[in-house]
Amino acid sequence: MRAAGNELAAHLTETVRRLDLANRDQPIDHGQDEEEQLARMLIAAAWYQVLARTPIGFAFTPLAKAALKKPDAFTLTRLLELPGRDLVTDVTNQLHTAAYSPLEALRARTRPEDCVGGPTFPGARITAAAGPQERSSRPRCS
């Protein structure tokens, strides 16, 4: 599972660079095949994130079930087959919604280097990542 995760991280990084996702002059959405493949990688990455946060919750993910069933046969190809069609469609639909919403204007006026993950919320000292967050003057964006 670790080897597949490392391969996923490398493949995801290469895909983000190849698709030039940080380029604000490019549209948010891409071809259907590219979007579906990216959605599969992001869903799989989210399952690895669950493992980092809570091993108990991770036990119920498709990643855990597949990796435990046949650990020696677990590859990146198998990992990317795990997200179900409905889940992939949901992620790509969210992308299309974001591409033609007020987020489009936010993306256009914000540079990638100004963006920081883990947004904070008014009146709260936790982030979307559910952990304490130091106050930052940098904008939170996608």
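**Helix packing, nonpolar core and salt bridges**

Helices α2 and α5 are among the elements that cover the buried residues of α1. The structure described here is a predicted model. Helix α1 comprises 17 residues, and the distance from its first C-alpha to its last is 24 Å, close to the 24 Å expected at 1.5 Å a residue. The buried positions of α1 are Ala4, Gly5, Leu8, Leu12 and Thr15. Viewed down the helix axis, these buried residues fall within an arc of 95 degrees, so they line one face of α1. The face turned away from this buried side carries Arg2, Ala3, Asn6 and Arg17, which are exposed. After α1 comes Asp20, which has a positive phi, near 55 degrees.

Among the buried residues of α1, Thr15 combines a polar contact with packing against other side chains or backbone atoms of the chain. Thr15 lies in α1 and has a relative accessible area of 3%; because this value is under 20%, Thr15 is classed as buried. Its side chain reaches the backbone oxygen of His11 at 2.8 Å. When neighbours within four places in sequence are left aside, Thr15 is in contact with Leu38 and Met41.

Met41 also appears in the largest nonpolar core, which has 21 residues. The residues with the most contacts inside this core are Leu8, Met41, Tyr48, Leu63, Phe74, Leu79 and Leu82. Helices α1, α2, α4 (62-69) and α5 each supply at least two residues of the core. The greatest share comes from α2, which gives seven residues. For Tyr48, the contacts beyond four places in sequence are with Met1, Ala4, Gly5, Leu8, Leu63, Phe74 and Leu79. Of these partners, Leu8, Leu63, Phe74 and Leu79 are themselves listed among the core residues with the most contacts, while Ala4, Gly5 and Leu8 belong to the buried residues of α1.

Helix α6 (residues 85-99) was examined in the same manner. Its 15 residues should span 21 Å at 1.5 Å a residue, and its end C-alpha atoms are 21 Å apart, which agrees with this expectation. Val88, Thr92, Ala98 and Ala99 are the buried residues of α6. These residues cover an arc of only 115 degrees around the axis, which puts them on the same side of the helix. Asp86 and Thr97, on the other side of α6, are exposed. The buried residues of α6 pack against α2 (32-53) and α7 (102-109).

Contacts between α2 and α6 can be followed further at Glu36. This residue lies in α2 and is buried, with a relative accessible area of 17%. Excluding neighbours within four places in sequence, Glu36 is in contact with Arg85, Val88 and Thr92; Val88 and Thr92 are buried residues of α6. With Arg85, the side chain of Glu36 forms a salt bridge at 2.7 Å, N to O. Since Arg85 lies in α6 and Glu36 in α2, the pair ties together parts that are 49 residues apart in sequence. Unlike the buried Glu36, Arg85 is partly exposed, at 43% relative accessibility.

In total, the model contains five salt bridges. One of them joins Arg18 and Glu34, with the closest N and O atoms 3.8 Å apart. This pair likewise links distant parts of the chain, as Arg18 is in α1 (residues 2-18) and Glu34 is in α2, 16 residues apart. Glu34 is partly exposed, with a relative accessible area of 32%. Arg18 and Glu34 are also linked with Glu14 in a network of salt bridges. Another salt bridge, between Glu81 and Arg78, has an N to O distance of 3.6 Å. Both residues of this pair lie in α5 (residues 76-81), three residues apart, about one turn of the helix. Arg78 is partly exposed, its relative accessible area being 35%.

Note on methods: Residues are numbered from 1 along each chain as its sequence is written. This is a predicted model: local features need pLDDT of at least 70, side-chain atom pairs count only at pLDDT 80 or more; totals for chains, interfaces and linings use all residues. Side-chain values use heavy atoms; hydrogens and water are left out. Helices (H or I, at least four residues) and strands (E, at least two) are DSSP runs, numbered from the N terminus. The expected span of a helix is 1.5 Å times one less than its number of residues. Buried means under 20% relative accessible area, exposed over 50%, partly exposed in between (1.4 Å probe, protein chains only). The arc is that of the directions from the helix axis to the C-beta atoms. Contact means heavy atoms within 4.5 Å. A salt bridge is a side-chain nitrogen of Lys or Arg within 4 Å of a carboxyl oxygen of Asp or Glu. A nonpolar core is a set of buried Ala, Val, Leu, Ile, Met, Phe, Trp, Tyr and Cys residues joined through side-chain atoms within 4.5 Å. A polar contact is a pair of N or O atoms within 3.5 Å; within protein, one must be able to donate a hydrogen and the other to accept it, and residues adjacent in sequence count only if both atoms are side-chain atoms.
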